Amino acid sequence: RDAQLNFLRVQQAASRLMRLSEARLRYIAGSEPIRKEILRDTLEMSLLFTQRSPKDSTPEAILRAAHAHRMVGDIEERLNDPITALQNYEQAITYYREVLRPNISFYHRPEVQNELVETMLLRWRVLEAVAPDCAEGALDEAMELLDRQPETTRLSWQTRSTRAAVL
């Protein structure tokens, strides 16, 4: 249990490092090499989180892997590697779907449902650039998922915000 909590804390720290490098260094002249170095270090750290042991197939472990693949996709996209970003977004989507089956407790958590849709939107954005013929179907899929969510999830502020982003 402590190991899982520590794992989550390190994953959150990597995410925060990525956000800070983007927010604070983006508009400082000459900081691009530093920003990319921080992104590469964060990528290296995040790749560790994508590895799953076959023994660890708990919903929590799968959700952590989904978060990690989404983060790796974000970083790869920022480092101008859309193909690798797309592969990681797709893996994240697979893992999110795995933990969002009706018989698993995450099914009724709006934030996890919305993380899936948001990842689908990130995937769509990359597809727009590298495979525009596939992009429209990806966006339609995200909308259909929003429409199929349980009523309690559809009425949450998170889902309404995600729906607004899709529209």
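Biologist: Is glutamate 128 buried, partly exposed or exposed?

Modeller: This is a predicted model. In it, glutamate 128 is partly exposed, as its relative accessible area is 40%.

Biologist: Where does glutamate 128 sit?

Modeller: Glutamate 128 belongs to helix 5, which covers residues 110-130.

Biologist: Which residues gather with Glu128 in a patch of negative charge?

Modeller: Glu136, Asp140 and Glu144 join Glu128 in that patch, which lies on the surface.

Biologist: Which helix gives the most to the negative patch?

Modeller: Helix 6, residues 132-148, gives the most, and its share is three residues.

Biologist: How does spacing along an α-helix affect which way residues point?

Modeller: An α-helix has 3.6 residues a turn, so residues three or four places apart point the same way.

Biologist: Turning to helix 3, how many of its residues are buried?

Modeller: Of the 20 residues in helix 3, 15 are buried, so the helix is mostly covered under the cut-off of under 20% relative accessible area.

Biologist: What span should helix 3 have at 1.5 Å a residue?

Modeller: Helix 3, residues 59-78, should span 28 Å, and this agrees with the 29 Å between its end C-alpha atoms.

Biologist: What follows helix 3?

Modeller: Asparagine 80 follows helix 3, and its phi is positive, near 65°.

Biologist: And glycine 73, is it buried or exposed?

Modeller: Glycine 73, found in helix 3, is buried, with a relative accessible area of 0%.

Biologist: How many Å apart in space are glycine 73 and alanine 131?

Modeller: From C-alpha to C-alpha they are 16 Å apart, while in sequence 58 residues separate glycine 73 and alanine 131.

Conventions
Residues are numbered from 1 along each chain as its sequence is written. This is a predicted model: local features need pLDDT of at least 70, side-chain atom pairs count only at pLDDT 80 or more; totals for chains, interfaces and linings use all residues. Side-chain values use heavy atoms; hydrogens and water are left out. Patches are made of residues with over 30% relative accessible area and no salt bridge: like charges are joined within 9 Å, nonpolar side chains (Val, Leu, Ile, Met, Phe, Trp, Tyr) within 5 Å. Accessible areas come from the Shrake-Rupley method with a 1.4 Å probe; for residues, only the protein chains shown count as cover. A salt bridge is a side-chain nitrogen of Lys or Arg within 4 Å of a carboxyl oxygen of Asp or Glu. Lys and Arg count as positive and Asp and Glu as negative; His and the chain ends are not counted. The place of a charge is taken as NZ of Lys, CZ of Arg, CG of Asp or CD of Glu. Helices (H or I, at least four residues) and strands (E, at least two) are DSSP runs, numbered from the N terminus. Buried means under 20% relative accessible area, exposed over 50%, partly exposed in between (1.4 Å probe, protein chains only). The expected span of a helix is 1.5 Å times one less than its number of residues.
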